[in-house]
Amino acid sequence: MKTLKPTVTIEYCPKCGWMLRAAYMAQELLSTFTDDLNGVLLKPAEIGGTYVISIDDVVVFDRKEKGRFPEVKELKQLIRDVVSPEKDLGHSDKPS
C-alpha cells in the first residue's frame, strides 16, 4: 500500500491582505518539494491576524506565537525536516 504524502496548509487572514504572501510561499514549497508533498492548501482564516503553517494538522509555524512571518528559507527547512529530512536544499540549507 502506498503511503500518502503529507499536505501543507497555509491558513492566512484574508482581511489582512495576506493571500498573496500565502500563495507565494505555496509556490516556493511546491517548487522545492514537488515529489514530497501531496499539495499545499491555502485556507482563509476566520480569525483575524492568523497566519499558521501546518503539515497534516501539525503546526510548524504560527505568526502570532513567533511575532513575525517565516522567511522562505526558514519555512523550507521546517517543512524539509518533517517531510524529507535527507533532502538537500542547496543554497537554502546554508546558514545565514
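What radius of gyration does the protein have, and what would a compact globule with 96 residues have? The protein has 13 Å, which agrees with the value near 12 Å for such a globule. The radius of gyration is taken over C-alpha atoms, and the globule rule is 2.2 Å times the number of residues to the power 0.38.

Before the tour begins, note that this is a predicted model, in which local features need pLDDT of at least 70 and side-chain atom pairs count only at pLDDT 80 or more, while totals for chains, interfaces and linings use all residues. Residues are numbered from 1 along each chain as its sequence is written, and side-chain values use heavy atoms, with hydrogens and water left out.

**The whole chain**

Display the C-alpha trace of the protein, which spans about 40 × 35 × 20 Å along its principal axes. Then switch to a cartoon view. Three helices and four strands make up the secondary structure; helices (H or I, at least four residues) and strands (E, at least two) are DSSP runs, numbered from the N terminus. Along the sequence, the pattern is β-α-β-β-β-α-α.

Next, show the surface. The accessible surface comes to about 6,100 Å², and 52% of it belongs to carbon and sulfur atoms. Such areas come from the Shrake-Rupley method with a 1.4 Å probe; for residues, only the protein chains shown count as cover. Of the 96 residues, 42% count as buried. Buried means under 20% relative accessible area, exposed means over 50%, and partly exposed lies in between (1.4 Å probe, protein chains only).

**The nonpolar core**

Select V8, I10, Y51, I53 and I79. These residues have the most contacts inside the largest nonpolar core, which has 22 residues. A nonpolar core is a set of buried Ala, Val, Leu, Ile, Met, Phe, Trp, Tyr and Cys residues joined through side-chain atoms within 4.5 Å. Now colour β1 (7–12), α1 (19–32), β3 (51–55), β4 (58–62) and α3 (72–83), each of which supplies at least two residues of this core. Helix α1 gives the most, with four residues. In soluble globular proteins, nonpolar side chains tend to be buried together.

Centre the view on I53. Leaving aside neighbours within four places in sequence, I53 is in contact (heavy atoms within 4.5 Å) with residues including V8, I10, M25, V60, F61, L75 and I79. Move on to S54, which lies in strand β3. S54 is buried, with a relative accessible area of 9%. Not counting residues up to four places away in sequence, S54 touches T7, V8, T9, V59 and V60.

**The loop between β3 and β4**

Where do D56 and D57 lie? D56 lies in the loop between β3 and β4, and D57 lies in the loop between β3 and β4 as well. Inspect the backbone here. Most residues other than glycine have a negative phi. D56, however, has a positive phi of about 45° although it is not a glycine, and D57, also not a glycine, has a positive phi of about 70°. D56 counts as partly exposed because its relative accessibility is 44%. D57 counts as exposed, at 76% relative accessibility.

**Before β1**

From D56, step across to P6, which is found in the segment before β1. P6 counts as buried, at 17% relative accessibility. Leaving out residues up to four places away in sequence, P6 touches D36, L37, N38, G39, I55, D56 and V83.

**F33 and K87**

Select F33, in the loop between α1 and β2 (39–44). Is F33 buried or exposed? F33 is buried, with a relative accessible area of 0%. Among the residues that F33 touches, not counting those up to four places away in sequence, are K76, I79, V83, K87 and L89. The C-alpha atoms of F33 and I79 are 8.9 Å apart in space, while the two residues are 46 residues apart in sequence.

Follow the contact from F33 to K87, in the segment after α3. K87 is partly exposed, with a relative accessible area of 24%. Neighbours within four places in sequence aside, K87 is in contact with T32, F33, D36, R80 and D93.

**A last view**

Return to the whole protein. Residues 24 or more positions apart account for 61% of the contacts with a separation of 6 or more.
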